[in-house]
Amino acid sequence: MIVDLRSDTVTKPTPAMREAMMQAPVGDDVFGEDPSVIELEKKCASLLGMDAAVFCPSGTMTNQIGIKILTQPYDELICHKGAHIYKYEGGGLAGNSLVSVRLLEGDRGRISVEEIEANINNVQDAHQPITSVVALENTVVREAGSYYTLNQVKTISEFARKHGLKMHLDGARFFNAIIKTGDKAIDYGSYFDSISICLSKGLGAPVGSVLVCKKELEPKARRMRKAFGGGMRQAGFLAAAGTYALNNHITRLKEDHVRAAELGKGLANASWVKSVMPVDTNIVIFSVTNQTTPEQILNKLAEYQIKAIKFGAKEIRLVTHLDFDDAMLEKTIEAFKKISI
Ligand SMILES: *Cc1c(COP(=O)(O)O)cnc(C)c1O
């Protein structure tokens, strides 16, 4: 039994999901004629309380399009210093949108109104780029899946709007946050101009992300998807997997959170672990002691056929998902006990 905890992107479609894919009616989506894509887009828009959505191949693309349609070249975007849009999208912000980025310290990946306020540039001063967008990430991948509550989001959004700033949400793990907080997904729409959600993380679809946005932004989003090379043809096979995931795999995310918490507890007792970041959702990040290295621990885990990834000079990351069950959890906790340095 191989246990793959490197990411929640490693899941394979379930038999029922494959069946839904096989049965999907399809058409040419660049002509707007794929019924399964249209169904998924409508579903996402209504789930999140917005009126338009655009299906894309990846979460990087939905983030990049979201930011592109909310900014002008030379603008500045505010986000947390560990934000995926800044750190893990290949410099796309600079290349695609020609914007500069103001990075905030935050508190476990969450930024506050006070910090944002202190970092809005003076539009009257020609030296300073025009601050135009605040981008949040929920949950926060770099900070072990920490999350914002809807109330926190509301406070930031109302402040941003008062200052004429647009709001983008990187919601790659949006539904993990919803399951954790009990907030309603539909209440999110009014606080953002664009929201990116991933179907291929915890939801278990093989491919795909959706950019949910305001109706007036939709034509520009579709134009940019084409320009970025993301216009797909009979994409309904993939969209059907996404719709299936939204119908069947949201509430079960709480199992991933329970198992992640168990992994965190197991690690807290291991002699080779220095500290474990608080485990809020489905991501576990821990640092190893001075006596060892992430590589050494990863090699030991590999002896038990457990895969994880190095996530910093001294850190390792584990992510729970649809294909990580209780038997695998038990095996992994046992391995933690057996490993000694
Ligand atoms: C995975 C992820 C994305 C999108 O990644 P893709 O691999 O391009 O789909 C965006 N934001 C966060 C926080 C992520 O974890």
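Me: Ala, Val, Leu, Ile, Met, Phe, Trp, Tyr, Cys and Pro count as nonpolar, Asp, Glu, Lys and Arg as charged, and the others, Gly among them, as polar. How do the residues of the shell around the ligand divide?

Reply: Under that scheme the shell holds 3 nonpolar, 5 polar and 5 charged residues. This is a predicted model, in which local features need pLDDT of at least 70 and side-chain atom pairs pLDDT 80 or more, while totals for chains, interfaces and linings use all residues. Residues are numbered from 1 along each chain as its sequence is written, and side-chain values use heavy atoms, without hydrogens and water.

Me: What makes a residue part of that shell, and which are the closest?

Reply: One of its heavy atoms must lie within 4 Å of the ligand. The ligand has 13 such residues around it, the closest being Gly-59, Thr-60, Asp-170, Arg-173 and Lys-201. Helix 3 (residues 59-70) gives the largest share, 3 residues.

Me: What makes the pairing of the ligand with Gly-59 a polar contact?

Reply: A polar contact is a pair of N or O atoms within 3.5 Å; within protein, one must be able to donate a hydrogen and the other to accept it, and residues adjacent in sequence count only if both atoms are side-chain atoms. A polar backbone atom of Gly-59 is 2.8 Å from an oxygen atom of the ligand, so the pair qualifies. Arg-173 also qualifies, with a polar side-chain atom 2.8 Å from a ligand oxygen. For His-84, an N or O atom of the side chain is 3.4 Å from a ligand nitrogen. The protein covers 82% of the 380 Å² of accessible area that the ligand has on its own (Shrake-Rupley, 1.4 Å probe; for residues, only the protein chains shown count as cover).

Me: Why are strand 2 and strand 4 called edge strands?

Reply: The open sheet of 7 strands runs 2-8-7-6-5-3-4, with mixed pairing. Strand 2 (52-56) and strand 4 (100-104) each have a single partner strand, so one side of each lacks a neighbour in the sheet. From one strand to the next the twist averages 20 degrees.

Me: How do you know that strand 5 and strand 6 pair?

Reply: Pairing requires at least two bridges found by DSSP, and strands are DSSP runs of E with at least two residues, helices runs of H or I with at least four, numbered from the N terminus. Strand 5 (residues 130-137) and strand 6 (residues 166-171) share 5 bridges, in the parallel sense. Val-133 stands opposite Lys-166 in strand 6.

Me: What makes helix 2 a helix packed on the sheet?

Reply: Contact means heavy atoms within 4.5 Å. Helix 2 (residues 35-47) touches strand 2, strand 7 (194-198) and strand 8 (209-213), at about 130 degrees to strand 2 (axes fitted to C-alpha atoms, for helices over the stretch in contact; angles from 0 to 180 degrees between N-to-C directions). Helix 9 (residues 218-227) lies across strand 2 and strand 8, at about 10 degrees to strand 2.

Me: What makes Tyr-74 and the bond between Asn-138 and Thr-139 notable?

Reply: Most residues other than glycine have a negative phi, and most peptide bonds are trans. Tyr-74 has a positive phi, near 80 degrees, and sits in the loop between helix 3 and strand 3 (75-80). Asn-138 and Thr-139 are joined by a cis peptide bond, with omega about 0 degrees.
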